[in-house]
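Reader: I am new to protein structures and would like a close look at a single part of this one. Please walk me slowly through the sheet and what surrounds it, and explain the terms as you go.

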Amino acid sequence: MAGIAVAVGIALSSLEVLAIIAMSARDGRYISARERFHRGANRYTEEVTRGGSGCQYVDSLFPHPYLGFVHHRNPPCGLPNINNVGLFGVNFPAERLTDRFVILVTGGSVAAQFAQIVPNGPRYLETILNESYLSPTGKPFLVLNGGDGAWKQPQQAILFLLWSDVVDGLITLDGFNEVGAVAGGLRFEYPANNFALVNPLATERYDAVVIRWFLGRLVGRVSNNPITSRSHAVFMAVRAARRMLDHQARAEKHKGTTVESLFWLPPEWDENKRIGAALEQYKKYVRSMDAIGRDRKIRMAYFIQPVPA
């Protein structure tokens, strides 16, 4: 038994060394396995999935009939600070409040973080407003978090349409995700990948859905484990499994109705026309929000993030 254990140890060590050599040669320098796992998630997803529970960002997503996707608070991977509409922070009121001046902040992950996504974290904007400003009604400010990761127009416009009857003010902070939607051969409204994650049967078979779910949970476990998260061989195996699953999903896409086909642009349009059409769509949704706000006498402010444009 001892000899077998030594042989297995030597084999695993050799595999790890080979993985380090191969990946370092490809990248031109050494990058630790933990850094490689870390690069698979951005700051927003790290904030959402903190705690090392093995749950991934995808495990917190929940389908929404109008907004595409929000979050849930169901165990074991739900988030503790999700409100009654599937977003972060305090609950949205069922009717207009008479003792608060309610401001809705909406946009993508930057807007969500701006309004606060950390459980019991300081509500910076609300605190600053109440300490330094008097609301138009003289009532204290209440800030509702209406942002979420990967959101882009028209999700902000839809959220505002759903809840404009209970807010007194609106702030949009977007632009980055919208820039990503300007290029390509699909309409500006083509949904983010999160839509497919929470509606997997729109793109894959049942067995592929199960495999993707299992792989997602496996990645969450190994990337948080103190041993496997330091293994280049494990990282390579996970990456290979993901690529194989993605390749299988692309190969098996049917030729009829797909999520992509619902948002195809005319193939004869050149890049300039596609970009121009996308920008007009972006303007349309902001103007629509403005029209709704004016009709309901809501104070509004629109901000675009510093983005390449």
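Author: What follows starts with the whole protein, goes on to the sheet, and then turns to its helices and two loop residues.

This is a predicted model, in which local features need pLDDT of at least 70 and side-chain atom pairs count only at pLDDT 80 or more, while totals for chains, interfaces and linings use all residues. Residues are numbered from 1 along each chain as its sequence is written, and side-chain values use heavy atoms, with hydrogens and water left out.

The protein has 11 helices and 6 strands; these are DSSP runs numbered from the N terminus, with helices being H or I of at least four residues and strands E of at least two. Of its 309 residues, 40% count as buried. Here buried means under 20% relative accessible area, exposed means over 50%, and partly exposed is in between (1.4 Å probe, protein chains only). Among the contacts in the protein with a separation of 6 or more, 73% come from residues 24 or more positions apart; a contact means heavy atoms within 4.5 Å.

Now to the sheet. Four strands form an open sheet, and following it across gives the order β4-β3-β5-β6, with parallel pairing. Two strands pair if DSSP finds at least two bridges between them. At the edges are β4 (141-147) and β6 (299-304), each pairing on one side only. Neighbouring strands of this sheet are turned by 15 degrees against each other on average, direction ignored. In general, strands of a sheet pair through backbone hydrogen bonds, either parallel or antiparallel. For a concrete pair, look at β3 (residues 101-107) and β4, which are parallel over 7 bridges. There, Phe 101 stands opposite Phe 141 in β4.

Helices come next. Helix α6 (residues 155-163) lies across β3, β4 and β5 (169-174), and runs at about 155 degrees to β3. Such angles run from 0 to 180 degrees between N-to-C directions, with axes being lines fitted to C-alpha atoms, for helices over the stretch in contact. Helix α11 (residues 271-295) also packs on the sheet; α11 touches β3, β5 and β6, and its direction makes about 160 degrees with that of β6. The buried residues of α6 include Leu 159, Phe 160 and Trp 163. What they pack against includes β2 (68-71), α7 (176-180) and α11, along with β3, β4 and β5.

Helix α5 (residues 124-132) has a buried side too: Leu 125, Glu 126 and Leu 129 are buried. Because they cover an arc of only 100 degrees around the axis, they sit on the same side of α5; the arc is that of the directions from the helix axis to the C-beta atoms. Among the elements covering these buried residues are β3, α4 (109-115), β4 and β5. Turned away from them is a face with the exposed residues Tyr 124, Glu 131 and Ser 132.

Finally, the loops. Leu 87 is in the loop between β2 and β3, and is buried with a relative accessible area of 0%. Its contacts, leaving out residues up to four places away in sequence, include Val 70, Asn 145, Gly 146 and Leu 159. Asn 199, in the loop between α8 (193-198) and α9 (206-224), is partly exposed at 24%. Beyond four places in sequence, Asn 199 touches Pro 63 and Gly 68.
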